[in-house]
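This report covers one helix pair and the internal cavities of a model.

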Amino acid sequence: MPEEVAVSSIYAVNGEFCRRLTTAAACVATSTILWTHPQVVNLSMGKLPRPTISSHIGVFSRLIVGQTVLKALQYVGLVELARLFDRLSPQTKALNTMVSYGATGSVLQTILYNRITSAVYRHYGVTRDSSSSFLTVIKKRIYPGFFWSFTRECCGAGGGLVLGPIIQNKLRSNKTTEQYVTTHPSATRFFTGLIGGISTAVATQWMHNTCLKAGAMAELGNRVPTTLECLQTAIRDHGYSLLYRNAPKRVGAVSVAVAFVSWADIVKR
């Protein structure tokens, strides 16, 4: 069977691929919800109390199904968009992966994070309910921090998916680790993805905090903040700590996401 035909029919004929994709989406959605909840509280400037087991359960149960569906859709979009870019520009596969992750994540990941922000605030009764019309979703779930979200996803998780295989190739070329890489490909993909995700998450932490600040501003304010206002407010409220605030939780979430996507091996080359 020609390679292109085999790859094109991957969803229809490869049940294992679909199971890996779904598993990765569920695991990443879980870690994102659990680790983003405290970050929202940390950036609330004292408006929200410290998270408890009860609040974690309440927010998690409200979000997990929708977040898993969003992540699965993002990963399907990532696969298809990367394949399209590879056909158009086969010499830039690394950049294709980053841009594809940024393009899919900048929309769906923005919705994901802003939904978590909204759910956390509403769980504590700090914000009022609003309509769920299409325009409201665009204004309050996608637009706030959209530029920062695209840059974060492209260079953060997208960069981690590129860095992971580079680390894997280095291990494969090393005589000490060559045999392990060859005999344990899934574990190697997970480990190198984890290391790659940690590295790129640290470098993009300030973008992430700006995105969370944008979501909070949209949730509590009477108007949607501009891209520059999001950054200015984040710098004013947090100063240099914008570079590292929430880093342990967010780095954990991103590295786990990159590790599971790398393990699932959904971006076929």
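At what angle do helix 3 and helix 5 pack, and how far apart are their axes? Helix 3 (residues 15-42) and helix 5 (residues 93-123) pack at about 60°, with axes 9 Å apart. That makes helix 3 oblique to helix 5 (oblique: not under 35, over 145 or 65 to 115 degrees). Their crossing is right-handed.

The model is predicted: local features need pLDDT of at least 70, side-chain atom pairs need 80 or more, and totals for chains, interfaces and linings use all residues. Residues are numbered from 1 along each chain as its sequence is written, and side-chain values use heavy atoms, without hydrogens or water.

On the helix 3 side the contact (heavy atoms within 4.5 Å) is made by T32, I33, T36, H37, V40 and V41. Helix 5 contributes L112, Y113, I116, T117, V120 and Y121.

A search of the whole structure finds 3 cavities of 30 Å³ or more (a cavity is a set of points on a 1 Å grid where a 1.4 Å probe fits but cannot get out; lining residues have an atom within 4 Å of a point). The largest cavity holds about 110 Å³ of space. Of its 13 lining residues, Q109, Y113, E153, A157 and V254 lie nearest the centre. Helix 3, helix 5, helix 7 (146-155) and helix 13 (247-264) each supply at least two lining residues; helix 13 gives the largest share, 4 residues.

The classes of both residue sets are tabulated below.

| Set | Nonpolar | Polar | Charged |
|---|---|---|---|
| Contact of helix 3 with helix 5 | 8 residues | 4 residues | no residues |
| Lining of the largest cavity | 7 residues | 2 residues | 4 residues |

Note on methods
Axes are lines fitted to C-alpha atoms, for helices over the stretch in contact, and angles run from 0 to 180 degrees between N-to-C directions. A crossing is left-handed if the near helix is turned anticlockwise from the far one by less than a right angle, and right-handed if clockwise. Ala, Val, Leu, Ile, Met, Phe, Trp, Tyr, Cys and Pro count as nonpolar, Asp, Glu, Lys and Arg as charged, and the others, Gly among them, as polar. On a 1 Å grid over the protein atoms alone, a cavity is a set of points where a 1.4 Å probe fits but cannot get out, and a pocket is an open set with protein on both sides within 12 Å along at least five of seven lines; lining residues have an atom within 4 Å of a point. Grid points are joined across faces, edges and corners, and a volume is the space filled by probe spheres set on the points.
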